[in-house]
Amino acid sequence: MAVAIVIGALHGAAAQSSADPAVLDRFRDSLRAIDNTAAIIAIEDRLSTEMRQRSRHDAAQLRLGFAQLRQGELEQRRIDFTIADATFAAVTSAHRDWAAGWLGRGLAQLNLIDNQPVTAGSVARILHRNQASDIAAKFERSSSVAGGDPEPLLTLATIAVANAHPIELQAALAALRHGAPYIDAANAVVALDRVRLERLAGSPDSARWFAVALLRRQPRDPATLLEMARSDFAIGDDAGAEDWFDGLAAADSAVVRLYRDDLVALLPDSIARRFDQDDATARVALLQRFLGFDDAGEQRSVAARLREHYHRLDHARLAFVRPTPHYVADIAVDTNPIGPAFDDRGVVWILHGPPDEHTWFNQVGVPPNETWHYAAAATGGDLLFNFVRTDDSTGFHRVSSVFDILALSTPLRATGHGDVKGMAARGEAVETYGASWTAQTAQEMLYSRENTSATYGKMLSQGKRGALALQRQERAQGDSSIASGESHAVDYELPLDATVNAIAVGVDAAGPLLQIAFAIPGTSLYAPPAAGPVVYPVHIRASVRRQGSNAVIATVDTLRRFVAAQPIADERFLVGRVPMHLPPGEYTVRVEVETPGRGMIAPVQPVRVAATGALRLDLSDLALGSRSVPLPWTTARGDTVWVNPLSSFHRSEPMQLYCEVGGVPAGSQYHAVLSIYHDRQSTPALRLAFAPTAAATPDPVQRDVDISGLKPGTYRLEIVVTAGGNARVARDRTFTVVK
């Protein structure tokens, strides 16, 4: 019935002049309401018949072109837009003063370049400029012959801003620039689009010039204030923050949506909900507080943070647009376009900026994939992101582990390894060892990531024993990275070469302890000229998150002053320890170390704080030390424990081991096996077994380990404790033996 009504309306309008824009607008609106291909084909047949029966069929031909556009949109076929372009070309040849014909040609050609990749090279750039120029000419001509009507240029600007396609942006900007002489200079909507397009097309200085001119005419307009701020940020000017907040304070609901669209990837869910609920005054205060502090509670420049955010946002909107069906035949003009949705790579880019390492693995049967790595010095924490594309309509999305990518590959699905999370829960590892089809595919993937994270290199050298632990560690790092909030580059005058170890061992009256041990070489220390002792100030900041969560549950910010009788030699180290109280659980720890003029951010370290005071069997971290590294601490029972932050030991000196066993009642016996494995061996180089009787809960284990028989190299020390039948718990730690 709807089809008949539309066709009937078309028949009644056919005799009217195509120069009547109201009639044509109603026809275009009726096409937008049709989502049935058969209905569009019926309209095309009716128009074709009318063209054959009438000597003057130009009006019907014009309408036929818009129907062909709609058919291309419904069927998502390029051929329909090619046909529509030919139809409109015939109309404009006969009637060069028909604005709608030029508009139709412009829309057809826009759809023909949609989804077209923008390739590099000088020849390609010339072709792209020519395409943009041709499209701009059609829309500009449509506007000029319509007496300076800005609607065609607004239509082009809306599509270009929404799609963020470089050719469309060039075309829209060229059309607005050339069309300026015959468009009313007081048209604020066109002027605002000019600002947007100048900025998005890579001319932020021009954008700011036009924004300043527009702001003189409407100084309190929130949309103009927002564009002024965006332009300032694009040229690196923090002054844009004042206009940004002024615009937010005055924003109506439409402009608030623009602000929210800019912030959607940055705001945590709790802040986003408050943003939506608050009034203008509370919304401004909320964002000033949020932007003024980083995730560790350190104060930041609000203006600098906004500038950095918009630099990242502009890139993400151009580089990581989520693929969607872009064939949009004919749209209603929206003067407040909202930026495009981007896939998860864009989200990560906005939160953390460009990655330090970027890799991928191309192989038949493996879906498109990428891995991004952020080193601690650049982002405030060692972060690892894995992306996979399984659906062209959604683009790349984040997964916790590289094994989630492998689970989607043909080899793993064919061999029953598609549920890697379920396998991990059952204590089963994906085969990264051996010569099976699964193992070979996994090894190829790991080789492609070997330079991205040390974990992947270790996976290639581990047998069955260590595979599951490393796969769990890599997944935990991926979960923690996904949950991490925005990071920012920390600039130090000079880098600091320090080693940091977070060790969950020890307990006192207030509960379990996390020991943050660090070592700074003499080469990174400055001793001012002085007669007498030398004072070395060291600033330590640490933040602890629950694993897989963005919530910071504990922080420490302390300045320690170390006094030395004389300057520390280049080959020696300043060592120190900062204790923190944490409840049992799994965490990630970020540590920042600063000395005057120098600083570093250590890679994020996963730690597990054992429940050594509980009834079930558990084991703390392993503290490895030596008496030649003077970093001892005294436990609650008066025992002296040694920690070596460098994890490097001389063969000539026994290694001091300390840990705590929980869940064994005093007077009960338990069994412990200490094994030391060379980095690339599955057979232990050293094994010790002992069966102590627990003196208390937790029970301290303290041993001198003779490593004189070990060759120089990297080793893994593992302790396995069993008690009460089948109860078993294990911990390990890596260390290095030197001559």
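Buried here means under 20% relative accessible area, and by that cut-off eight of the eleven residues of helix α14 are buried, so α14 is largely enclosed by the rest of the structure. The legends below all belong to one predicted model.

**Figure 1. The whole chain, before zooming in, has 25 helices and 25 strands.** Of its 739 residues, 53% count as buried. The accessible surface comes to about 31900 Å², and carbon and sulfur atoms hold 52% of that. If you take contacts between residues at least 6 apart in sequence, 65% of them join residues at least 24 apart.

**Figure 2. Helix α14 (residues 253-263) sits under cover from several other helices.** Who is tucked away here? The buried residues of α14 are Ala254, Val255, Val256, Leu258, Tyr259, Asp261, Asp262 and Leu263. Note that two aspartates, Asp261 and Asp262, are on that list along with Val255 and Leu258. The cover over these residues includes α10, α12, α13 (240-250), α15, α16 (280-291) and α17 (302-319).

**Figure 3. Helices α14 and α15 (residues 269-277) pack against each other.** Their axes run 11 Å apart, at an angle of about 175°. Angles over 145 degrees count as roughly antiparallel, and α14 and α15 are therefore roughly antiparallel to each other. On the α14 side, the contact is made by Val256, Tyr259, Arg260 and Leu263. Ala272, Phe275 and Asp276 are the α15 residues that take part. Val256, Tyr259 and Leu263 also turn up among the buried residues of α14.

**Figure 4. Helices α16 and α17 make a crossing of another sort.** The packing angle here is about 85°, and the axes are 9 Å apart. With 65 to 115 degrees counting as roughly perpendicular, α16 and α17 are therefore roughly perpendicular to each other. From α16, the residues to pick out are Gln288, Phe290 and Leu291. They meet Val302, Arg305 and Leu306 of α17.

**Figure 5. Helix α11 (residues 204-217) has a buried side and another side with exposed residues.** What span should its 14 residues have at 1.5 Å a residue? The expected figure is 20 Å, and the end C-alpha atoms of α11 are 20 Å apart, so the two agree. The buried residues of α11 are Ala207, Ala211, Leu214 and Leu215. They cover an arc of only 100° around the axis, which puts them on the same side of α11. Over on the other side, Asp205, Trp209 and Arg216 are exposed. The buried residues are covered by elements including α10 (188-200) and α12 (222-234).

**Figure 6. Ala67 is a buried residue in helix α4 (residues 58-75).** Its relative accessible area is 0%. Beyond its neighbours within four places in sequence, Ala67 is in contact with Leu31, Ile40, Ile43 and Glu44. A long stretch of chain can also be followed here: Ala67 and Ala329 are 262 residues apart along the chain, yet their C-alpha atoms are separated by 9.1 Å.

**Figure 7. Ala439 is another buried alanine, this one in helix α23 (residues 437-449).** Its relative accessible area is 0%. Leaving out neighbours within four places in sequence, the contacts of Ala439 are Glu431, Thr432, Tyr433 and Gly434. Leu412 is 27 residues away along the chain, with 9.1 Å between its C-alpha atom and that of Ala439.

**Figure 8. Asp344 belongs to helix α18 (residues 344-352).** Is this aspartate buried or exposed? At 19% relative accessibility, Asp344 counts as buried, since the cut-off is under 20%. Setting aside neighbours within four places in sequence, Asp344 is in contact with Phe387, Phe396, His397 and Arg398.

**Figure 9. Pro579 takes us to a strand, β11 (residues 573-581).** With 36% relative accessibility, Pro579 counts as partly exposed. Its contacts, apart from neighbours within four places in sequence, are Leu513, Leu514, Gln515 and Arg560. Pro579 and Ala504 are 75 residues apart in sequence, while in space they are 9.6 Å apart, C-alpha to C-alpha.

Notes: Residues are numbered from 1 along each chain as its sequence is written. This is a predicted model: local features need pLDDT of at least 70, side-chain atom pairs count only at pLDDT 80 or more; totals for chains, interfaces and linings use all residues. Side-chain values use heavy atoms; hydrogens and water are left out. Helices (H or I, at least four residues) and strands (E, at least two) are DSSP runs, numbered from the N terminus. Buried means under 20% relative accessible area, exposed over 50%, partly exposed in between (1.4 Å probe, protein chains only). Contact means heavy atoms within 4.5 Å. Accessible areas come from the Shrake-Rupley method with a 1.4 Å probe; for residues, only the protein chains shown count as cover. The expected span of a helix is 1.5 Å times one less than its number of residues. The arc is that of the directions from the helix axis to the C-beta atoms. Axes are lines fitted to C-alpha atoms, for helices over the stretch in contact, and angles run from 0 to 180 degrees between N-to-C directions. Angles under 35 degrees count as roughly parallel, over 145 as roughly antiparallel, 65 to 115 as roughly perpendicular and the rest as oblique.
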